[in-house]
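Reader: I'm new to protein structures and I'd like to learn how to read one. Could you walk me through it?

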Amino acid sequence: MTDRDVMEYDVVIVGAGPAGLACAIRLKQLDPGRSVCVLEKSSTIGAHLISGCALEPGPLDALLPGWRDSPPPILVPATRDEFWYFTKEGAVRLPNPPQMHNRGNFIVSLGQLAPLMAARAEALGVDVFAGFAASEALQDGDGRVLGVRIGDMGLDRQRNPGPNFAPGPDIRAGTTILAEGCRGSVTKQLIARLGLADGRGPQTYGLGIKELWQLPTGRVEPGLIQHSVGWPVDARTYGGSFLYH
C-alpha cells in the first residue's frame with residue numbers, strides 16, 4: 001500500500017479545455033462557496049489545444065462579460081465565407097451551406113483562449129492545476145465515482161518506483177466531471193466499467209490534420225474562412241479542408 005495525499009472538493013473537472021473551464025466558471029458563478037478543481041495534463045493551460053475555430057461569441061459574452069477587452073492574441077472578426085468543390089484539375093465554387101455563414105463570429109486560437117478562461121476561473125476561486133494528469137477514477141464498492149487519482153511520478157521505464165518516486169494524490173469530490181476530450185483515458189475506463197456503451201450505437205471518430213501557416217504579405221485576407229470538399233478524397237470517403245485566415 002502507498003500513502004497518498006488526499007484533496008477534497010465539491011467538484012473535480014478533468015480537462016482544462018474550453019468546456020471544462022467554462023463548466024468551472026459557471027459553477028462558481030452559480031455558487032461562490034462551492035469548491036472546484038480543474039486538472040490539466042499538459043504542462044501549461046492551452047498547450048494541447050492546437051485547434052483554431054470559428055467562434056460564436058454569444059455564449060462567451062454571457063459567461064465572461066468584458067472578455068473582448070483583453071482578447072487572445074489571435075482573434076480576427078470573420079468577414080466572409082467560401083465553399084469549394086475540388087477536382088484533380090481545378091475547383092468550382094459552390095453556394096455556402098447554411099451552417100457556414102460566419103459573419104459576426106471570430107476566428108480564434110483555442111490554445112490562446114484557454115489561458116484567458118483559466119485566469120478568469122482562478123479569479124473566481126477555482127483551483128486550476130496544469131501538469132497533473134488523472135490516471136484513473138476512484139470508485140466505491142457500488143461503483144459510485146468518488147473522484148480521480150493523479151498519476152504517480154518518478155517511475156522508471158518498467159513503471160516501477162525510481163529514486164524520485166512520488167505517489168499521485170487522490171482528488172475526492174462529490175461530483176466528477178470528465179471534459180478530457182472524445183477519447184479521454186478516464187472516460188474510456190468508466191465507459192467500460194459501468195457499461196455506458198451497452199446497447200448504444202458505437203462512437204465514430206474523424207482523423208484531422210491541423211497546421212499553422214505563416215504566409216507572405218498579400219497572400220492572406222484576414223477574416224476569410226474557406227471550406228472545401230472533393231479531391232483528393234474519393235467519393236466514398238467523408239472529408240474536406242478548412243482555411244481560417
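**Reading strands, loops and cover**

Author: Let's begin with one strand pair: β4 and strand β7 (residues 106-109) run antiparallel and are joined by three bridges. In that pairing, Val-76 sits across from Ile-107 in β7. Keep in mind that this is a predicted model.

Reader: Which strands form the open sheet that has β7 in it, and in what order?

Author: To read a sheet, list the strands as they lie side by side. Here the order is β3-β7-β4, an open sheet of three strands with antiparallel pairing. The edges are β3 (52-55) and β4 (75-77); each has a single partner strand, so one side of each has no neighbour in the sheet. On average, neighbouring strands of this sheet are turned by 25° against each other, ignoring direction. Helix α3 (residues 110-123) packs on the sheet, where it touches β3 and β7, and its direction makes about 80° with that of β7.

Reader: What is the strand order in the open sheet of six strands?

Author: Read it the same way, from edge to edge. The order is β8-β2-β1-β13-β10-β9, and the pairing is mixed. At the edges are β8 (127-130) and β9 (134-139), each pairing on one side only. The twist from one strand to the next averages 40°. Zooming in, β9 pairs with strand β10 (residues 145-150) in the antiparallel sense, over five bridges. There you can spot Leu-138 opposite Gly-147 in β10.

Reader: And how do side chains sit along a strand like that?

Author: As a rule of thumb, side chains in a regular strand alternate between the two faces of the sheet.

Reader: Let's try one residue, then. Is Val-38 buried or exposed?

Author: The idea is to ask how much of a residue's surface is left uncovered, and under 20% relative accessible area means buried. Val-38 is in strand β2. Val-38 counts as buried because its relative accessibility is 0%. Leaving out residues up to four places away in sequence, Val-38 touches several residues, among them Ile-13, Leu-21, Val-126 and Phe-129. His-101 makes a handy yardstick: it is 63 residues from Val-38 along the chain, and their C-alpha atoms are separated by 34 Å.

Reader: What about a loop residue, say Arg-34: where is it placed?

Author: Arg-34 is in the loop between α1 (18-30) and β2 (36-40). Its relative accessible area is 23%, so Arg-34 is partly exposed. Setting aside neighbours within four places in sequence, Arg-34 contacts Asp-10, Val-11, Leu-27 and Lys-28. Take Asp-10: it is 24 residues from Arg-34 in sequence, yet the two are 6.2 Å apart in space, C-alpha to C-alpha.

Reader: Which residues does Val-220 touch?

Author: Not counting residues up to four places away in sequence, Val-220 touches Leu-215 and His-245. Val-220 belongs to the loop between α4 (185-194) and β14, and it counts as partly exposed because its relative accessibility is 39%. His-245 is 25 residues away from Val-220 in sequence and 6.1 Å away in space, C-alpha to C-alpha.

Reader: How many residues of strand β12 are buried?

Author: Zero! Strand β12 (residues 161-166) has six residues and is hardly covered. Its partner is strand β11 (residues 153-155), which runs antiparallel to β12 and is joined to it by two bridges. Met-153 stands opposite Ala-166 in β12.

Reader: Are there any backbone oddities I should learn to spot?

Author: Two things are good to know: most residues other than glycine have a negative phi, and most peptide bonds are trans. Now look at the hairpin of β11 and β12, with five residues between the strands: Arg-159 in the turn has a positive phi of about 65°. For the peptide bond, check Trp-231 and Pro-232, which are joined by a cis bond with omega about 5°. Pro-232 lies in the loop between β14 (224-230) and β15 (241-244).

Reader: And what percentage of the residues of the whole chain count as buried?

Author: The answer is 31% of the 245 residues. The chain has four helices and 15 strands, and its C-alpha trace spans about 65 × 45 × 40 Å along the principal axes.

Note on methods. Residues are numbered from 1 along each chain as its sequence is written. This is a predicted model: local features need pLDDT of at least 70, side-chain atom pairs count only at pLDDT 80 or more; totals for chains, interfaces and linings use all residues. Side-chain values use heavy atoms; hydrogens and water are left out. Two strands pair if DSSP finds at least two bridges between them. Axes are lines fitted to C-alpha atoms, for helices over the stretch in contact, and angles run from 0 to 180 degrees between N-to-C directions. Buried means under 20% relative accessible area, exposed over 50%, partly exposed in between (1.4 Å probe, protein chains only). Contact means heavy atoms within 4.5 Å.
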